[in-house]
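Hi,

Here is the structure I promised to pass on. Have a look at it first, and then read on for what turned up when I went through it.

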Amino acid sequence: MSVQEEAAVGEALEVWIDQDLCTGDGICVQYAPEVFELDIDGLAYVKSADDELLQDKGATTPVPLPLLTDVVDSAKECPGDCIHVRRVADRVEVYGPDAQ
Ligand code: SF4
């Protein structure tokens, strides 16, 4: 892997939702419907790149670069403080309740 490729991988981000804290208000879905969706249980889940709802506990999906601002805003506005955005490379949270 080239240095450039390593840098790109290092910047790659993924997002997951802690459904135990989700209030179901749907703010995240308003910001980034490509990434988040409310299920019939009234809670928000992340979706895969091919639009599949990911319901396993702690399931992550990649954050597409064009949607980064929308996803970060979702994490900031989330009333449940339960949207976690982290680096793929080292799983360090960069936006969300556990970010430094
Ligand atoms: S913004 Fe947060 S609390 Fe609201 S639906 Fe999305 S994940 Fe749940």
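Before the cavity count, a word on what a cavity is here: on a 1 Å grid over the protein atoms alone, it is a set of points where a 1.4 Å probe fits but cannot get out. Please also keep in mind that this is a predicted model.

**The cavity and the ligand**

By that rule, there is 1 cavity of 30 Å³ or more. The largest cavity holds about 80 Å³ of space. It is lined by 15 residues, and C22, D25, C28, A44 and C78 are the closest to its centre. Sorted by type, the lining has 10 nonpolar residues, 4 polar ones and 1 charged one.

So where does the ligand sit? You will find it in the largest cavity. Around the ligand there are 14 residues, with C22, D25, G26, C28 and C78 the closest. That shell divides into 9 nonpolar, 4 polar and 1 charged. If you want a place to start when you open the model, try C22, D25, C28 and C78: they are among the closest residues to the ligand, and they are also among the closest to the centre of the largest cavity.

**Salt bridges**

How many salt bridges does a search of the whole structure find? The count is 5. Here are some of them.

Start with E14 and R86, whose side chains meet in a salt bridge with N to O at 2.8 Å. E14 belongs to strand β1 (residues 13-17) and R86 to strand β6 (residues 83-87), so this pair ties together parts that are 72 residues apart in sequence. Are these two partners buried or exposed? E14 has a relative accessible area of 11%, so it is buried. R86 is buried as well, with a relative accessible area of 13%.

Next come K57 and D20, which form a salt bridge whose closest N and O atoms are 3.1 Å apart. K57 is in the loop between β4 (53-54) and β5 (61-62), while D20 is in the loop between β1 and α2 (27-31), so the pair ties together parts that are 37 residues apart in sequence. Unlike the buried E14 and R86, both K57 and D20 are exposed.

Then there is K47, whose side chain meets that of D51 in a salt bridge (3.0 Å, N to O). K47 is buried, its relative accessible area being 7%. This contact is part of something wider: E37, K47 and D51 are linked in a network of salt bridges. E37 is found in strand β2, and at 31% relative accessibility it counts as partly exposed. For a sense of distance from there, E37 and D90 are 53 residues apart in sequence, and their C-alpha atoms are 26 Å apart in space.

**Backbone points to check**

Most residues other than glycine have a negative phi. Two aspartates here have a positive one, and both are worth a look on screen.

- D51, from the salt-bridge network, has a positive phi of about 75° although it is not a glycine. D51 lies in the loop between β3 (44-47) and β4.
- D81, again not a glycine, has a positive phi of about 50°. You will find D81 in the loop between α3 (68-77) and β6, and with a relative accessible area of 45% it is partly exposed.

**Two more pairs across the chain**

Which strand holds I17? I17 is found in β1, the strand that also contains E14. At 3% relative accessibility, I17 counts as buried. Its C-alpha atom is separated by 4.7 Å from that of I83, although I17 and I83 are 66 residues apart along the chain.

The other pair is G42 and T23, which are 19 residues apart in sequence and 8.3 Å apart in space, C-alpha to C-alpha. G42 lies in the loop between β2 (36-38) and β3. With a relative accessible area of 33%, G42 is partly exposed.

That's the lot from me. Over to you!

Definitions and conventions:
Residues numbered from 1 in each chain as written. Predicted model: local features only at pLDDT ≥ 70, side-chain atom pairs only at ≥ 80, totals over all residues. Heavy atoms only, no water. Near = heavy atom within 4 Å. 1 Å grid on protein atoms, 1.4 Å probe; cavity = no way out; pocket = protein on both sides within 12 Å on 5 of 7 lines; lining within 4 Å. Sits in = over half its atoms within 2 Å of the grid points. Nonpolar A, V, L, I, M, F, W, Y, C, P; charged D, E, K, R; others polar. Salt bridge = Lys/Arg side-chain N within 4 Å of Asp/Glu carboxyl O. Helix = DSSP H or I, 4+ residues; strand = E, 2+ residues; numbered from the N terminus. Buried < 20%, exposed > 50% of the residue type's maximum accessible area, 1.4 Å probe, protein only. Points joined across faces, edges and corners; volume = space filled by probe spheres on them.
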